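Me: I should like a close look at a single part of this model, namely the open sheet and the contacts that involve its strands. Please give one connected account, and place that part in the setting of the whole chain.

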Amino acid sequence: MKKILFSFWLSIAAATGLFAQGAVEVTVYDLLTLEPLEQVNIKLINNDIGLTLEKSTNDIGQVRFTGLAISGNYYVSFEGDQVYNATSSESFSLRSNAVRSVNLLLPLKISEQLEEVIVKTESPTRINTVNA
C-alpha cells in the first residue's frame, strides 16, 4: 500500500512540474494623458505555440490572462480603432507561478491635411574619383 501511495504522490509531483503556468496582467493607458482606458480589446499572442487570446480591459484599464504555458515568447497587441493607432509590446517570456506585468501606451490617431510640401536638397555625398 505504501508503494502505491508513494508512486501516486510521485506522479502528482511530476505532473505539477510539467504543467507549470504563468499569468500576464496588462494595463492600458492613453499615451498623452496617461489615463487608464476601459473596454479596449487586447490580444495576447504566442506564435511559438500558436496561441491567441483576446480580452477587454475593465474599468481601471486592466486585463488579466491566466493559466498560460511558460514555453515560447508572448507579446501583447492592440489592433487600433477610430481613436487610437495600433501598437504592441516587445516579446517576453513567462516564469512558472509568476505574474508578468505589461503597460501598453496607446498613441492617438492624429491626422492633418497638408496643402503642399516641397523638399529640395542637394546630396552631401560625393564619389571620390581623385585617389580611389
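Reply: A residue counts as buried under 20% relative accessible area, as exposed over 50%, and as partly exposed in between. R64, at 38% relative accessibility, therefore counts as partly exposed. The model under discussion is predicted, and R64 offers a convenient way into the sheet.

The side chain of R64 meets that of E25 in a salt bridge, with a distance of 3.3 Å from N to O. Because R64 belongs to strand β4 and E25 to strand β1, the pair ties together parts that are 39 residues apart in sequence. E25 is likewise partly exposed, since its relative accessible area is 22%. In general, side chains of opposite charge can pair when their charged atoms come close.

The strands of this salt bridge belong to an open sheet of three strands, in the order β4-β1-β7, with mixed pairing. Strands β4 and β7 stand at the edges with a single partner strand each, so one side of each has no neighbour in the sheet. On average, and with direction ignored, neighbouring strands of the sheet are turned by 20° against each other. Strand β1, which covers residues 21-30, pairs with β7 in the parallel sense over eight bridges. E25 takes part here as well: its bridge partner in β7 is S101. E25 is thus engaged with β7 through its bridge to S101 and with R64 through the salt bridge.

Strand β7 spans residues 99-106 and includes L105. With a relative accessibility of 37%, L105 counts as partly exposed. L105 also contributes to a nonpolar patch on the surface, together with L31, L32, L34, V83, L108 and I110. The accessible area of these residues comes to about 650 Å² together.

Beyond the sheet, the setting is as follows. The secondary structure of the protein chain consists of one helix and seven strands. From the N terminus on, these elements follow the order α-β-β-β-β-β-β-β. Of the 132 residues in the protein chain, 23% are buried.

A search of the whole structure finds two salt bridges. Besides the pair of R64 and E25, K43 forms a salt bridge with E79, and their closest N and O atoms are 2.7 Å apart. This pair links distant parts of the chain, with K43 in strand β2 (residues 41-46) and E79 in the loop between β5 and β6, 36 residues apart. K43 is buried, because its relative accessible area is 19%, whereas E79 is exposed, with a value of 55%.

The structure also holds one aromatic pair. The ring centres of Y74 and F92 are 6.4 Å apart and the ring planes lie at 25°, so the pair is stacked. Y74 sits in the loop between β4 (62-69) and β5 (75-78), and F92 in the loop between β6 (87-88) and β7, so the pair ties together parts that are 18 residues apart in sequence. Y74 is buried, its relative accessible area being 0%, and F92 is buried too, at 9%.

To return to the sheet, its order β4-β1-β7 is accompanied by the salt bridge between R64 and E25, which ties β4 to β1, and by the eight bridges that pair β1 with β7.

Conventions. Residues are numbered from 1 along each chain as its sequence is written. This is a predicted model: local features need pLDDT of at least 70, side-chain atom pairs count only at pLDDT 80 or more; totals for chains, interfaces and linings use all residues. Side-chain values use heavy atoms; hydrogens and water are left out. Patches are made of residues with over 30% relative accessible area and no salt bridge: like charges are joined within 9 Å, nonpolar side chains (Val, Leu, Ile, Met, Phe, Trp, Tyr) within 5 Å. Accessible areas come from the Shrake-Rupley method with a 1.4 Å probe; for residues, only the protein chains shown count as cover. A salt bridge is a side-chain nitrogen of Lys or Arg within 4 Å of a carboxyl oxygen of Asp or Glu. Helices (H or I, at least four residues) and strands (E, at least two) are DSSP runs, numbered from the N terminus. Buried means under 20% relative accessible area, exposed over 50%, partly exposed in between (1.4 Å probe, protein chains only). Rings of Phe, Tyr and Trp (its six-membered ring) pair if their centres lie within 6.5 Å; planes under 30 degrees apart count as stacked, over 60 as edge-to-face and the rest as tilted. Two strands pair if DSSP finds at least two bridges between them. Axes are lines fitted to C-alpha atoms, for helices over the stretch in contact, and angles run from 0 to 180 degrees between N-to-C directions.
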